[in-house]
Amino acid sequence: MKKFNILLFITVIILLLLSGWSIFHQPGYSSEDQFVTPTNIHFEKDTLSLGSVKYGTEQKAVFRFTNTGTAPLLIYNVVPSCDCTAVKWKKRPIKPGESGEIQTVYSPNSLGMFR
């Protein structure tokens, strides 16, 4: 059991290192982007009402934002609170004053009310 835990730990570390490497080795990222200063982000809306969504259908929503800081904004990861929501965004630096968006697709896979 101890060998399994050590192997699992090493695997997680390797995956984290590879995911960090892959982020900065895509078009639009430079090695300097890894060490930028913190910046600010402003969302037009931080919540959206999708109304009633029929079971088995998809509902798309877009969260628009602006980099209101003084340094490039890098969004490394977006984690939805539910497996029923997929997210997509352009993995490139957003310069100060520029806008971007995070696209979401909600696919209800059970009945009931959700937030």
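**Strands, salt bridges and a buried threonine**

Let us start with one residue, E98, which is partly exposed, with a relative accessible area of 30%. This value, like the others below, was computed from a predicted model. What does the side chain of E98 meet in a salt bridge? The partner is R92, and the N to O distance is 3.6 Å. R92 also counts as partly exposed, at 33% relative accessibility. Side chains of opposite charge can pair when their charged atoms come close.

Now step back and look at the whole protein. You can find one helix and four strands in it. Following the sequence, you meet them in the order α-β-β-β-β.

How do some of these strands come together? Begin with strand β1, residues 41–43, which pairs with strand β2, residues 59–67, in the antiparallel sense. Three bridges join β1 and β2, and in one of the places to look, F43 has F65 in β2 as its bridge partner. Strand β2 also pairs with strand β4, residues 99–106, again in the antiparallel sense and over eight bridges. Here R64 is a good residue to pick out, with E101 in β4 as its bridge partner.

R64 and E101 have another link: they form a salt bridge, with their closest N and O atoms 3.7 Å apart. This pair ties together distant parts of the chain, since E101 sits in strand β4 and R64 in strand β2, 37 residues apart. Are these two residues buried or partly exposed? E101 has a relative accessible area of 31%, so it counts as partly exposed. R64 is partly exposed too, at 39%. In total, the count for the protein comes to two salt bridges.

For a contrast, find T104, which lies in strand β4. T104 has a relative accessible area of 11%; because values under 20% count as buried, T104 is buried. Which residues does T104 touch, leaving aside its neighbours within four places in sequence? Its contacts are Q59, K60, A61, F63, T85, A86 and V87.

Finally, consider the protein as a whole once more. Of its 115 residues, 19% count as buried. The protein exposes about 9100 Å², and carbon and sulfur atoms supply 60% of that area. Among contacts with a separation of 6 or more, 61% are between residues 24 or more positions apart. The salt bridge between E101 and R64 gives you a place to see distant parts of the chain linked.

Technical notes: Residues are numbered from 1 along each chain as its sequence is written. This is a predicted model: local features need pLDDT of at least 70, side-chain atom pairs count only at pLDDT 80 or more; totals for chains, interfaces and linings use all residues. Side-chain values use heavy atoms; hydrogens and water are left out. Two strands pair if DSSP finds at least two bridges between them. Helices (H or I, at least four residues) and strands (E, at least two) are DSSP runs, numbered from the N terminus. Buried means under 20% relative accessible area, exposed over 50%, partly exposed in between (1.4 Å probe, protein chains only). Contact means heavy atoms within 4.5 Å. Accessible areas come from the Shrake-Rupley method with a 1.4 Å probe; for residues, only the protein chains shown count as cover. A salt bridge is a side-chain nitrogen of Lys or Arg within 4 Å of a carboxyl oxygen of Asp or Glu.
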